[in-house]
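Got your viewer open? Let's take a walk through this protein, one selection at a time.

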Amino acid sequence: MRGLKPGDLGRIVGRQAILYAQEYRWNQDYEALAARIVADFHQSFDPAREDAWITEMDDQMVGSIFLVKGEKPTVAKLRLLYVEPDARGAGVSKMLVEACIRRACDLGYERLDLWTNSVLVAARSIYQKAGFELVDEAPHNSFGQDLIGQIWSLTL
């Protein structure tokens, strides 16, 4: 696991857009959202409140996760967790989520929130195993699909 380096932000957006299009038939609206998230992260990056990690296998990026400051000073957000299909099942997601939780605790956050969609079953399972609880859900039409958005929260 390592921090970000040049080229990672674009690769993260590109790989997530491709994978979600292949696996869930999401359109380019998701790619635009992911691009906004990483651009905002980069432009307002605060190392005292935020972090990001890349996991690699055989010198290839196989996953990422972001810890982003929230609207309240005591609340952070877990963003853009993803793992390449050939690395799934190897504990990469668990490692990334645990690193994000640890760093949020180290930075003094009291809560860690995330937004996801109900179709992302494997990710939701990882969040549940890490102690996140579902606090809200609502149907929406995004990325060219009818989805159920969910907010999960972990008290630190």
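Below is a tour of the sheet, the helices on it, the core and a few unusual loop residues.

**Stop 1: the sheet**

Before clicking anything, keep in mind that this is a predicted model. Now show the strands. Six of them make an open sheet, in the order β1-β2-β3-β4-β6-β5, and the pairing is mixed. The edges are β1 and β5 (133–142), each of which pairs on one side only. Look along the sheet, too: neighbouring strands are turned by 20 degrees against each other on average, ignoring direction. What holds such strands side by side? Strands of a sheet pair through backbone hydrogen bonds, either parallel or antiparallel.

**Stop 2: one pair of each kind**

Select residues 51–57, which is β1, and residues 60–69, which is β2: they pair in the antiparallel sense over seven bridges. If you pick D51, you'll find L67 of β2 opposite. Although β1 is an edge strand, five of its seven residues are buried, so the rest of the structure largely encloses β1.

Next, select β3 (residues 75–83) and β4 (residues 111–117). These two run parallel and are joined by three bridges. Click A76 and look for its bridge partner in β4, which is L112.

**Stop 3: the helices on the sheet**

Turn on α1, residues 8–24. This helix lies across β1, β2, β3 and β6 (145–155), and runs at about 65 degrees to β3. Add α2, residues 28–43: this one packs on the sheet too, touching β1, β2, β3 and β4, and its direction makes about 130 degrees with that of β3.

Stay with α1 for a moment. It has 17 residues and spans 23 Å from its first C-alpha to its last, close to the 24 Å expected at 1.5 Å a residue. Which residues of α1 are buried? Select D8, I12, V13, Q16, A17, L19 and Y20 to see them. Those buried residues pack against α2, β1, β2 and β3. As you look at their spacing, here's a handy rule: an α-helix has 3.6 residues a turn, so residues three or four places apart point the same way.

**Stop 4: the core**

Time to go inside. The largest nonpolar core has 45 residues, and L78, L112 and F132 have the most contacts within it. Helix α3 (residues 92–106) gives the most to this core, with seven residues. Show F132 as sticks and then bring up what it touches: among its contacts are L78, V97, I101, L112 and L114, along with Y127 and W152. You've already met L112, as the bridge partner of A76.

**Stop 5: positive phi angles**

Last, some backbone oddities. Most residues other than glycine have a negative phi. So where can you find positive ones here? Start just after α1, where R25 has a positive phi near 60 degrees. Then go to the hairpin of β1 and β2, which has two residues between the strands; there D58 takes a positive phi near 50 degrees. D59 lies in that loop between β1 and β2 as well, and its phi is positive at about 65 degrees, although it is not a glycine.

Finish at F143, in the loop between β5 and β6. It is not a glycine either, yet has a positive phi of about 60 degrees. Turn on the surface and compare: are D59 and F143 buried or exposed? D59 counts as exposed because its relative accessibility is 68%, whereas F143, at 6%, counts as buried.

Methods: Residues numbered from 1 in each chain as written. Predicted model: local features only at pLDDT ≥ 70, side-chain atom pairs only at ≥ 80, totals over all residues. Heavy atoms only, no water. Core = buried A, V, L, I, M, F, W, Y, C linked by side-chain atoms within 4.5 Å. Buried < 20%, exposed > 50% of the residue type's maximum accessible area, 1.4 Å probe, protein only. Helix = DSSP H or I, 4+ residues; strand = E, 2+ residues; numbered from the N terminus. Contact = heavy atoms within 4.5 Å. Pairing = 2+ DSSP bridges. Axes fitted to C-alpha atoms, helices over the stretch in contact; angles between N-to-C directions. Expected span 1.5 Å × (residues − 1).
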